[in-house]
Amino acid sequence: MEPTSHTDSDHGDPTADRDCVIAGGGPAGMVLGYLLARAGLTVTVLEKHADFFRDFRGDTIHPSTITLLGELGLRERFLRLTLNRLQTMDAVIDGQRMTMVDFRTLPAPDRFLVLAPQWDFLNFLADEAAALPNFELLRRTEATGLIVEQGRVRGLRATTTTDTTPPSDTTPPADTDPATDASTDIEIRATLTVAADGRTSTLRDAAGLIPDESGVPIDVLWFSLPKPPDPPPPTLAYLSPRGMVLTIDRGDRYQSGMVIRKGGADRLRAEGLPALRQRIVDAAPVLRPVVDTLTDWDQVKLLSVQLDRLDRWHRPGFIAIGDAAHAMSPMFGVGVNYAIQDAVALSNAIAGHLAAGDAPSAVLAAVQRRRERPVRIMQRIQRAGHRVISRTTTGDRIAPRWAIRLLRLATPLVRPLAARFIGIGLRPEHVTAAARKG
């Protein structure tokens with residue numbers, strides 16, 4: 001990629017090779033990279049893996065994200081992918097099925113939520129971005145530190161890995177044996193450096209930004225199960241005094257999860273797989289015909305649920321977004337949506353300044369202020385939900401029977417509110433008119 005020239009400014013870096021370098025090829029990083037490149041800026045995104053194929057990641061594409069794709073002219077191409085559309089979200093609570101969310105109450109045309117493997121969404125964005133001559137995606141490249149000069153971040157340091165395995169007739173796994181790889185240390189200078197490298201962000205740590213963690217009483221065990229022979233309607237969760245099991249529809253399979261006490265995974269392993277399978281069936285009897293497909297602990301992945309937020313997301317020449325700025329709970333599946341909203345807000349605010357060779361700290365602070373309030377509110381609600389779920393997983397009854405009946409009566413009023421709260425969010429972002437033109 002050819003270096004871009006910049007105009008000098010009090011705060012800019014006229015020697016920068018790129019307008020923006022982004023660590024992390026997840027939803028936040030890929031959306032931001034695409035938007036900035038579409039605005040004519042020179043952008044590099046670093047993805048530490050050779051591909052996007054990571055299971056047990058957020059699969060939900062919310063109505064607000066589909067609306068954003070529509071504003072960019074990408075909606076119809078995205079919806080042609082193999083995916084599942086949900087107009088409602090059901091839960092089975094103590095044996096009673098309830099429709100908790102009805103997306104059909106939202107403004108047309110995006111009256112549904114999409115379930116799609118995250119790698120399909122990221123591959124779609126990568127393909128669209130690849131058509132832009134000023135976009136660069138460096139795979140197998142991991143950010144390791146920051147370039148800091150005179151108190152300002154001027155770019156990042158990274159390690160890029162090249163597979164030296166001789167070609168063969170068979171296709172090797174995407175991430176090959178490190179013993180056959182060659183690593184090279186590189187530096188990338190940019191006017192703005194963005195940490196979108198997740199909840200264990202290396203760049204966030206390098207910038208000296210420390211998140212405040214909220215105590216979370218639960219973890220989640222993730223696993224994949226085939227659908228039973230006569231599957232029920234799409235059901236987000238089965239919740240009862242016997243536990244909570246998630247069933248996210250992936251066509252012929254469920255991406256499933258079982259909520260457990262924080263730190264309880266080792267005890268469950270000690271009890272053995274038969275005990276785990278029984279716990280799953282106790283909470284979700286509909287899975288009895290298929291639960292025996294769990295035959296090895298390698299099929300079960302632990303998601304250590306985190307809920308944290310940075311007090312300060314930025315420093316001169318640098319900002320963190322998405323999980324790097326605020327790790328969200330899996331509750332309501334809003335993590336991907338909030339990360340994308342961060343990316344859109346940042347692109348809207350900073351693109352014009354980057355075109356002039358500058359990334360003013362005041363603008364970065366304004367982005368944090370804009371995005372911080374909806375994050376705070378959602379995390380507060382998630383913490384309250386954790387307390388309810390934690391009581392369920394300890395065997396306490398969720399609520400007396402009369403309360404469940406009352407909830408059933410109230411759901412027709414709750415559904416449209418829940419649809420807006422989950423599907424659109426507390427402060428939905430929209431791309432600018434200039435970005436829509438491309």
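Which two strands form a hairpin with three residues between them, and which residue in the turn has a positive phi? In this predicted model, the hairpin is made by β15 and β16, and Gly251 in its turn has a phi of about 85°.

**The sheet**

The hairpin strands belong to an open sheet of seven strands with mixed pairing, ordered β6-β5-β14-β15-β16-β13-β17. At its edges stand β6 (96-102) and β17 (301-303); each has a single partner strand, so one side of each is left without a neighbour in the sheet. From one strand to the next, the twist averages 25°. Helix α7 (residues 273-283) packs on this sheet, where it touches β13 (218-226), β14, β15 (243-249) and β16 (253-261). The direction of α7 makes about 85° with that of β15.

Three of the strand pairings are set out below.

| Strands | Sense | Bridges | Residues standing opposite |
|---|---|---|---|
| β5 and β14 | parallel | four | Asp90 and Thr235 |
| β13 and β16 | antiparallel | nine | Pro226 and Arg253 |
| β15 and β16 | antiparallel | five | Val245 and Met258 |

Strand β16 thus pairs with β13 over nine bridges and with β15 over five. Seven of the nine residues of β16 are buried, that is, under 20% relative accessible area, so β16 is largely enclosed by the rest of the structure.

**The cavities**

Rolling a probe the size of a water molecule over the atoms shows where empty space is left. The structure holds three cavities of 30 Å³ or more.

The largest cavity has a volume of about 110 Å³. Its lining comprises 13 residues, of which Leu86, Leu115, Thr235, Leu236 and Thr247 are the closest to its centre. Two or more lining residues come from each of β5, β7 (113-115), β14 and β15. Thr235, one of the residues closest to the centre of the largest cavity, is also the residue in β14 that stands opposite Asp90. By class, the lining has seven nonpolar, four polar and two charged residues.

The second largest cavity contains about 90 Å³ of space. Among the residues that line it are Val31, Tyr34, Leu68, Phe121, Ile340 and Val431. The elements giving two or more residues to this lining are α1 (27-38), α2 (63-71), α4 (118-130) and α8 (335-355). The lining of the second largest cavity divides into 11 nonpolar residues, one polar residue and no charged residue; Thr65 is included in that lining.

Methods:
Residues are numbered from 1 along each chain as its sequence is written. This is a predicted model: local features need pLDDT of at least 70, side-chain atom pairs count only at pLDDT 80 or more; totals for chains, interfaces and linings use all residues. Side-chain values use heavy atoms; hydrogens and water are left out. Two strands pair if DSSP finds at least two bridges between them. Axes are lines fitted to C-alpha atoms, for helices over the stretch in contact, and angles run from 0 to 180 degrees between N-to-C directions. Contact means heavy atoms within 4.5 Å. On a 1 Å grid over the protein atoms alone, a cavity is a set of points where a 1.4 Å probe fits but cannot get out, and a pocket is an open set with protein on both sides within 12 Å along at least five of seven lines; lining residues have an atom within 4 Å of a point. Grid points are joined across faces, edges and corners, and a volume is the space filled by probe spheres set on the points. Ala, Val, Leu, Ile, Met, Phe, Trp, Tyr, Cys and Pro count as nonpolar, Asp, Glu, Lys and Arg as charged, and the others, Gly among them, as polar. Buried means under 20% relative accessible area, exposed over 50%, partly exposed in between (1.4 Å probe, protein chains only).
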